[in-house]
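Work through these exercises with the model open beside you. Try each task before reading its solution.

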Amino acid sequence: MSFLFVFASSVVMTVIVGGFMPLTWKAARYPRALAAFWGIALLVHVGWFLVPQLGGFAPVARWIAIMWLGGMLAAMVLLIPFTLLTVFSSRQKLSSISAYLPAAYAGCFALSGIILASTSTASFVVRQEDIRIPGLPAALDGFRIANLGDVHIGRFIDAKELRRGIEAINERHVDLIAVTGDLVDDVNQLEDTMRVLETSNAPHHTVAILGNHEEMGDLARILSIYREHKERITLLVNENIAITRGGATLHIVGVNYPMNPRDGHMQPQPEQHAAMSAQANAAFTGLTNGETIVALSHHPAFFPFAAAHGAQLTLASHTHGGQLRLFGHPVFDVYRYRQGLYQEGNAYLDVSAGFGHWLPIRFGVPREIVIDTLRPDK
């Protein structure tokens, strides 16, 4: 579904841009120019659609597809300003300006596409944080958890790229991998994904929760595959498990994404809070304040509920860090907790910008893996 949405959006933007350019600029009306534009557009979209069958050429096809998508986004944004400037220069008979506008327009969206393709396909970073927990048992001092969220295995991120992420985690000798939702967009790649996760050297293996993309996908098949790999990958569905190290116990709580059954998205605020409260009551069953508890939630909005039930640390993802930032500021700031480490009282929330993406445009927000190390409060 995610791929089809992005693919269809690219086709629609291509049709709009390709249809309007000849109406405004004479150079775009020549048969060769039209043939070149539509021929390139066709090749880009065919290659994009065939990415799973391209083998070693898949990274090139992805890069070109993202370049085209980014270029079309820029072309849509610039279409009206450049059209108005063309009309103005024509009426004012500013031929020295109007003659260069088509080339300037094409250059702007081509350059934008190249920049966005470069930033969106760049490698991930590993962010490391120390979490200071009052009363942390000595045996849990130094316990390391890797937050691997929003992998989005599909057209743009595959199991081979995930393997690079697991290798980076293995090099840092974490104790536990936490998959905080949206592991896959393409359920057909979930089996390969599981085998990659099982190459982890974390002594406590992997704990996972579901994200909205799993909830919107073939959930029954996803749950079935998780059950087949339960020896090394534990899926938590509004429940908790206990991990012991050196006689100390660490409780891991996992909750689902509060989906709206009507449209498959986040519930409205009142229903959302009611759903999260009910999930917290179910997931924290048997736990009491004072125990060492780490909560996993795909959506960071669960943080206050986790903290109220005694979780000292909540790990989340979902936001992609805003995905687009200009001069350090998000283009769309719709999340209270967007990325990074937050603290309220003695409770912490760490939100990952995500390892992958379903909308393959990132700028100013690198993909990341987050490693949190539990430390006693000084």
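**Exercise 1. Find what share of the chain's contacts between residues at least 6 apart in sequence joins residues at least 24 apart.**

Solution. This is a predicted model. Start with the contacts between residues at least 6 apart in sequence. Of these, 72% join residues at least 24 apart. Next, set the frame: the protein chain has 11 helices and 14 strands. Its C-alpha trace spans about 80 × 40 × 40 Å along the principal axes.

**Exercise 2. Describe the burial and the accessible surface of the protein chain.**

Solution. Take burial first. The chain has 378 residues, and 51% of them are buried. Now take the surface. The accessible area is about 17200 Å². Carbon and sulfur atoms account for 62% of that area.

**Exercise 3. Identify which residues touch the most other members of the largest nonpolar core, and which elements supply the core.**

Solution. The core holds 32 residues. Leu148, Leu162 and Leu197 touch the most other members. Then list the elements that each supply at least two residues:

- strands E2 (144-148), E3 (176-180), E5 (233-235) and E14 (368-376);
- helices H6 (159-171), H7 (190-197) and H9 (219-228).

H6 gives the most, with five residues. Now look for another core. One of 28 residues lies apart from the largest. Its members include Trp48, Leu79, Ala117 and Ile361. As background, nonpolar side chains in soluble globular proteins tend to be buried together.

**Exercise 4. List the contacts of Leu197, leaving aside neighbours within four places in sequence.**

Solution. Go along the chain. Leu197 is in contact with Leu148, Leu162, Ile166, Val179 and Leu183. Thr206 and Ile233 complete the list. Two of these partners, Leu148 and Leu162, are named with Leu197 as touching the most other core members.

**Exercise 5. Locate the nonpolar surface patch of about 450 Å² and classify Leu50 as buried, partly exposed or exposed.**

Solution. The patch is made by Leu4, Leu42, Val46, Phe49 and Leu50. Helix H2 (residues 31-49) gives the most to it, with three residues. Leu50 sits in the loop between H2 and helix H3 (58-91). Its relative accessibility is 36%, so Leu50 counts as partly exposed. The class runs between the 20% and 50% cut-offs.

**Exercise 6. Place Thr288, classify its exposure, and give its C-alpha separation from His309.**

Solution. Thr288 is in the loop between helix H10 (269-283) and strand E8 (292-297). At 47% relative accessibility, Thr288 is therefore partly exposed. His309 is 21 residues apart from Thr288 along the chain. Their C-alpha atoms are separated by 7.6 Å.

Key: Residues are numbered from 1 along each chain as its sequence is written. This is a predicted model: local features need pLDDT of at least 70, side-chain atom pairs count only at pLDDT 80 or more; totals for chains, interfaces and linings use all residues. Side-chain values use heavy atoms; hydrogens and water are left out. A nonpolar core is a set of buried Ala, Val, Leu, Ile, Met, Phe, Trp, Tyr and Cys residues joined through side-chain atoms within 4.5 Å. Buried means under 20% relative accessible area, exposed over 50%, partly exposed in between (1.4 Å probe, protein chains only). Helices (H or I, at least four residues) and strands (E, at least two) are DSSP runs, numbered from the N terminus. Contact means heavy atoms within 4.5 Å. Patches are made of residues with over 30% relative accessible area and no salt bridge: like charges are joined within 9 Å, nonpolar side chains (Val, Leu, Ile, Met, Phe, Trp, Tyr) within 5 Å. Accessible areas come from the Shrake-Rupley method with a 1.4 Å probe; for residues, only the protein chains shown count as cover. A salt bridge is a side-chain nitrogen of Lys or Arg within 4 Å of a carboxyl oxygen of Asp or Glu.
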